[in-house]
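Biologist: I should like to go through this structure term by term. For each label, please give the value and the rule behind it.

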There are 4 protein chains.
Amino acid sequence: MENLLVDIKSGDKIIIEVDGIKIGGPEKVIISGPCSIENFETMYKIAKGLKAAGVNILRGGAFKPRTSPYDFQGLEFEGLNILNQVGREFNMPVVSEIMDIRDLDRALKLIDIVQIGSRNMYNYPLLKEVGKLNVPILLKRGMGATLKEWIMSAEYIMSEGNSNVILCERGIRTFEDSTRNTLDLNTVCMLKNNFRLPIIVDPSHAAGLREIVPNLSYAAISAGADGLMIESHINPLSSVSDSRQTVSIQTMINIVNKVKCLNINL
Amino acid sequence: MENLLVDIKSGDKIIIEVDGIKIGGPEKVIISGPCSIENFETMYKIAKGLKAAGVNILRGGAFKPRTSPYDFQGLEFEGLNILNQVGREFNMPVVSEIMDIRDLDRALKLIDIVQIGSRNMYNYPLLKEVGKLNVPILLKRGMGATLKEWIMSAEYIMSEGNSNVILCERGIRTFEDSTRNTLDLNTVCMLKNNFRLPIIVDPSHAAGLREIVPNLSYAAISAGADGLMIESHINPLSSVSDSRQTVSIQTMINIVNKVKCLNINL
Amino acid sequence: MENLLVDIKSGDKIIIEVDGIKIGGPEKVIISGPCSIENFETMYKIAKGLKAAGVNILRGGAFKPRTSPYDFQGLEFEGLNILNQVGREFNMPVVSEIMDIRDLDRALKLIDIVQIGSRNMYNYPLLKEVGKLNVPILLKRGMGATLKEWIMSAEYIMSEGNSNVILCERGIRTFEDSTRNTLDLNTVCMLKNNFRLPIIVDPSHAAGLREIVPNLSYAAISAGADGLMIESHINPLSSVSDSRQTVSIQTMINIVNKVKCLNINL
Amino acid sequence: MENLLVDIKSGDKIIIEVDGIKIGGPEKVIISGPCSIENFETMYKIAKGLKAAGVNILRGGAFKPRTSPYDFQGLEFEGLNILNQVGREFNMPVVSEIMDIRDLDRALKLIDIVQIGSRNMYNYPLLKEVGKLNVPILLKRGMGATLKEWIMSAEYIMSEGNSNVILCERGIRTFEDSTRNTLDLNTVCMLKNNFRLPIIVDPSHAAGLREIVPNLSYAAISAGADGLMIESHINPLSSVSDSRQTVSIQTMINIVNKVKCLNINL
């Protein structure tokens with residue numbers, strides 16, 4: 001892996017700026033929001049709470065890659081419109097997952113960061129296409145992907161000209177079944193040491209259980225992660241998807257505060 | 001998973017017919033060919049040998065999903081043209097992987113079966129799109145995918161109207177590193193017992209080592225698989241990709257003969 | 001791994017003989033019996049059925065390594081006495097697991113083959129101790145053990161002087177949760193190609209579900225395994241442990257017959 | 001898992017005291033020392049450095065469970081004698097692994113905490129035997145063990161009367177091969193929430209690479225671990241075993257200081 005663009009030997013650490021927020025710099029970045037965008041009102045209330053909590057970037061799923069074709073597939077562009085409106089209202093950049101190449105052009109008018117989900121980490125045509133864009137790409141790790149493969153997926157994007165790639169570790173699949181996945185902080189450390197891209201951690205999908213999300217968040221920051229992406233809701237129990245791993249706004253307040261405190265002491 | 005189209009409770013076992021070859025019936029189906037289509041002459045020689053060996057369907061990669069963006073990405077449509085010509089010459093249906101939705105229309109004029117590769121098993125926009133087609137789809141298991149997720153990916157295709165789905169087990173990722181992947185025949189047995197779709201096995205990717213491909217082939221047939229997909233070449237050592245797991249034409253002759261013999265005795 | 005006793009380069013393939021039964025030779029060896037020895041009468045009936053079915057060696061658990069300390073721990077020496085009596089009655093050698101070094105001397109008067117269970121594959125003091133014995137050792141693979149570690153555990157035994165080691169693959173731990181473990185036939189092929197010891201397969205623990213045990217058995221034989229070890233009972237549903245993976249005597253008759261037939265055709 | 005002694009519902013959190021050091025209380029406990037005890041002089045120098053660094057408990061391997069029978073197996077009782085002398089010299093309690101039941105009596109005169117290694121987590125005769133002792137037991141997680149199995153191994157010890165069990169997470173086996181194992185902090189969080197025993201983390205074995213040991217240490221503490229066990233040496237490169245994952249005394253000074261600082265801010 002000598003001459004890769006992603007390799008630390010090829011250049012400086014990459015810091016990505018979105019609306020004045022720097023990802024990969026000394027400040028830790030907190031991304032939060034609901035698994036699925038449900039409606040304007042709920043999204044508005046969530047964003048209001050998160051903004052007050054000190055969250056930097058708003059997330060919300062509009063195109064949902066669900067295991068079953070019969071599960072709720074998201075509000076699609078209607079959802080992106082809501083996210084866009086709410087983000088502008090609270091002056092927060094927004095990120096959402098796009099799965100279909102054909103949706104990119106239209107989506108780019110509505111979102112600030114394009115998320116490539118775990119299920120599409122190996123979708124090379126999609127990676128090449130977002131590599132031609134001029135917006136930050138949040139690239140989640142595939143649930144069964146090695147560090148090397150993940151880095152190579154980032155290289156697919158960078159090799160097309162777009163170096164604004166944020167990596168997101170979200171747990172890998174193992175034999176351990178008491179949690180949804182196994183958060184792999186070893187890999188976070190390896191990425192910080194050997195590669196140029198900022199790396200954030202999604203403890204929500206790694207845990208699958210809201211009660212351990214705060215502690216995994218502190219662990220991630222202490223391991224060296226540049227930020228967190230956490231699923232939250234004004235009423236976690238009523239969340240239309242991933243309810244079991246969604247935290248409340250109050251929990252987000254606690255997490256943001258402790259992350260700041262930890263960051264000073266690391 | 002009660003009311004799924006893919007469930008055995010929802011209907012008869014599905015048998016897929018391509019040019020008179022039945023996949024999922026009493027005869028075992030053998031698919032073979034090179035990892036990558038390299039040029040007309042090589043493909044012609046390989047197909048000639050495989051036809052004589054009794055192989056039923058010809059495979060060859062034209063769009064190659066490579067881990068590195070700098071590795072050979074395949075001959076693309078030029079490759080499909082070669083595959084199409086050679087297939088017609090020897091009266092063999094052909095299968096090749098398509099990764100990009102935008103390539104489907106053009107590819108359908110050249111291939112008989114569309115392969116969805118392991119890396120795209122969760123690519124739901126692609127699955128939905130091939131679900132609207134009227135050609136058989138060969139759906140490989142994701143390298144870190146559970147049986148349930150795989151079945152649900154098949155359901156994505158079937159729910160759009162296309163029931164001609166062939167499942168292909170190709171090994172899963174485990175801690176064992178002496179072979180490329182771990183062939184999961186447990187899952188082959190579970191699929192035969194509980195679901196409607198034909199299931200074939202790709203021992204080449206499961207093993208990563210050509211010397212154990214024959215024995216894994218016999219194991220797969222004995223476990224109940226409906227067929228095999230095996231990487232082969234007239235000169236395995238010169239294969240431009242996956243050389244280490246590619247077998248010779250002579251090995252294919254041995255495999256085809258022993259599979260026939262085993263099938264009579266099972 | 002150049003100069004290991006276990007390596008194929010160090011000597012001939014090892015064939016182990018117990019009461020005239022050869023393990024590792026051209027004939028496939030079938031070991032069967034209940035997970036736990038329950039009482040004399042049940043063991044007698046099971047053995048009678050298995051003998052008639054053509055099973056070669058009788059198994060039965062007396063010292064049970066249970067995950068919970070509160071689960072049935074086996075009849076211990078009372079169980080071994082029953083196994084010994086029944087084995088002599090039907091002229092079948094017997095195998096049972098010993099976990100505690102301090103039990104070895106007494107157990108050796110009652111059993112013909114000492115089983116080292118998956119949980120003790122890394123128990124080096126125990127391995128060294130059975131390495132000093134002159135009886136065959138059946139060494140099961142640890143549930144999370146690599147091929148290399150397993151081979152090294154065999155080497156621990158052989159390096160003390162006892163070359164009569166039978167390896168037993170019983171499934172490894174993976175993310176796939178629809179079956180108890182994932183049977184790893186890749187490793188069976190690798191062992192046959194590169195090492196000297198006979199290798200048998202335990203499809204019962206690999207599957208965890210009796211309905212797929214026959215097909216996994218045929219797969220194992222076709223992959224090249226030297227034999228099978230299968231949990232059986234005259235009344236599988238009443239088995240005090242591992243009931244869900246235990247097959248009936250009738251199923252054992254079918255398996256023995258088909259294995260013979262397959263072996264002729266491989 | 002309702003009525004287990006290990007369950008939080010069965011009683012208070014257990015705090016274990018060794019020579020005035022409390023494991024499981026508000027202070028974080030740091031255990032460190034070489035993988036193998038090599039000789040008195042080296043051990044003395046290491047202990048001197050570690051004592052000055054603020055390390056609480058001294059570790060050193062005397063009975064080494066090595067994958068190969070031909071690798072250095074440790075100084076055995078000579079090693080324990082050295083460890084005992086050095087520990088007394090610096091007024092530090094000592095911990096070392098015992099694998100053979102027959103060594104327990106003699107070892108108990110020399111060590112303060114008995115370590116049960118990953119390879120013996122399922123060695124139930126050994127667990128029962130240490131369950132009858134009145135000394136703290138440090139129980140490492142098996143490399144392929146589930147949370148449930150691990151907890152049950154602790155229960156084996158507690159059910160015999162010894163509640164002084166310290167759990168130690170040391171990484172699990174996954175497909176990721178860029179690090180030796182994958183540190184599983186999800187499980188650390190689950191243990192803190194649902195069970196009574198103190199839990200420490202061994203980042204050395206989890207990582208296999210000394211450069212990421214500090215960050216994994218901070219992550220473990222931030223996840224809620226009660227302490228750390230870290231392999232260290234006065235000259236890591238000359239360590240006779242596990243050299244690649246062994247840190248220097250200077251690194252231990254940094255880790256101890258930052259852990260104290262983190263603990264105040266959590």
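Biologist: Why is D202(D) called buried?

Modeller: The relative accessible area of D202(D) is 1%. Buried means under 20%, exposed over 50% and partly exposed in between, with a 1.4 Å probe and protein chains only, so D202(D) counts as buried. Please note that this is a predicted model, in which local features need pLDDT of at least 70, side-chain atom pairs count only at pLDDT 80 or more, and totals for chains, interfaces and linings use all residues. Residues are numbered from 1 along each chain as its sequence is written, chains are lettered from A and ligands numbered from 1 in the order in which they are written, and side-chain values use heavy atoms, with hydrogens and water left out.

Biologist: What makes the pair of D202(D) and K140(D) a salt bridge?

Modeller: The closest N and O atoms of D202(D) and K140(D) are 2.6 Å apart. The rule asks for a side-chain nitrogen of Lys or Arg within 4 Å of a carboxyl oxygen of Asp or Glu, so the pair qualifies. D202(D) lies in the loop between β9 (199-201) and α7 of chain D, and K140(D) in strand β7 (residues 137-140), so the bridge ties together parts 62 residues apart in sequence. K140(D) also counts as buried, at 4% relative accessibility. Helices (H or I, at least four residues) and strands (E, at least two) are DSSP runs, numbered from the N terminus.

Biologist: Which residues form salt bridges with R141(B)?

Modeller: One of the partners is E169(B), with the closest N and O atoms 2.9 Å apart. E169(B) belongs to strand β8 (residues 165-169) of chain B and R141(B) to the loop between β7 and α5 of chain B, 28 residues away. E169(B) has a relative accessible area of 0% and is buried; R141(B) is buried as well, also at 0%. Another partner is E176(C), at 2.7 Å from N to O. E176(C) lies in the loop between β8 (165-169) and α6 (185-194) of chain C, so this pair joins two chains. Over all chains, the search finds 56 salt bridges.

Biologist: What makes helix α4 (residues 124-131) of chain B a mostly covered one?

Modeller: Six of its eight residues are buried. They are Y124(B), P125(B), L126(B), L127(B), V130(B) and G131(B). Their cover includes α3 (104-108), β6 (113-116), β7 (137-140) and α5 (147-158) of chain B.

Biologist: Which residues have the most contacts inside the largest nonpolar core?

Modeller: They are L139(A), L167(A), L185(A), L139(D), L167(D) and L185(D), in a core of 196 residues. A nonpolar core is a set of buried Ala, Val, Leu, Ile, Met, Phe, Trp, Tyr and Cys residues joined through side-chain atoms within 4.5 Å. Another core, of 194 residues, lies apart from it and includes A62(B), V188(B), I14(C) and I151(C).

Biologist: How do you know that chain D and chain A are related by a two-fold axis?

Modeller: A turn of 180 degrees and a shift of 0.0 Å along the axis lay chain D on chain A with an RMSD of 0.0 Å. That is the relation of a two-fold axis. The superposition is by least squares on the C-alpha atoms of residues with pLDDT of at least 70 in both copies. A219(D) comes closest to the rotation axis among the residues of chain D, at 2.0 Å (C-alpha).

Biologist: How many residues of chain D are in contact with chain A, and what area is buried there?

Modeller: Contact means heavy atoms within 4.5 Å, and 40 residues of chain D are in contact with 40 residues of chain A. About 2900 Å² is buried between these chains, 64% of it on carbon and sulfur atoms. Buried area is the accessible area (1.4 Å probe) that two parts lose on being put together, summed over both. F175(D), N186(D) and N265(D) lose the most area in chain D, together 21% of what that side buries. The rule finds two salt bridges across this interface. E176(D) and R141(A) meet in a salt bridge at 2.7 Å, N to O.

Biologist: How many residues does the contact between chain D and chain C take from each chain?

Modeller: It takes 31 residues from chain D and 31 residues from chain C. The buried area is about 2600 Å², with 55% from carbon and sulfur atoms. Four salt bridges are found across the interface of chain D and chain C. R102(D) and E129(C) meet in a salt bridge at 3.3 Å, N to O.
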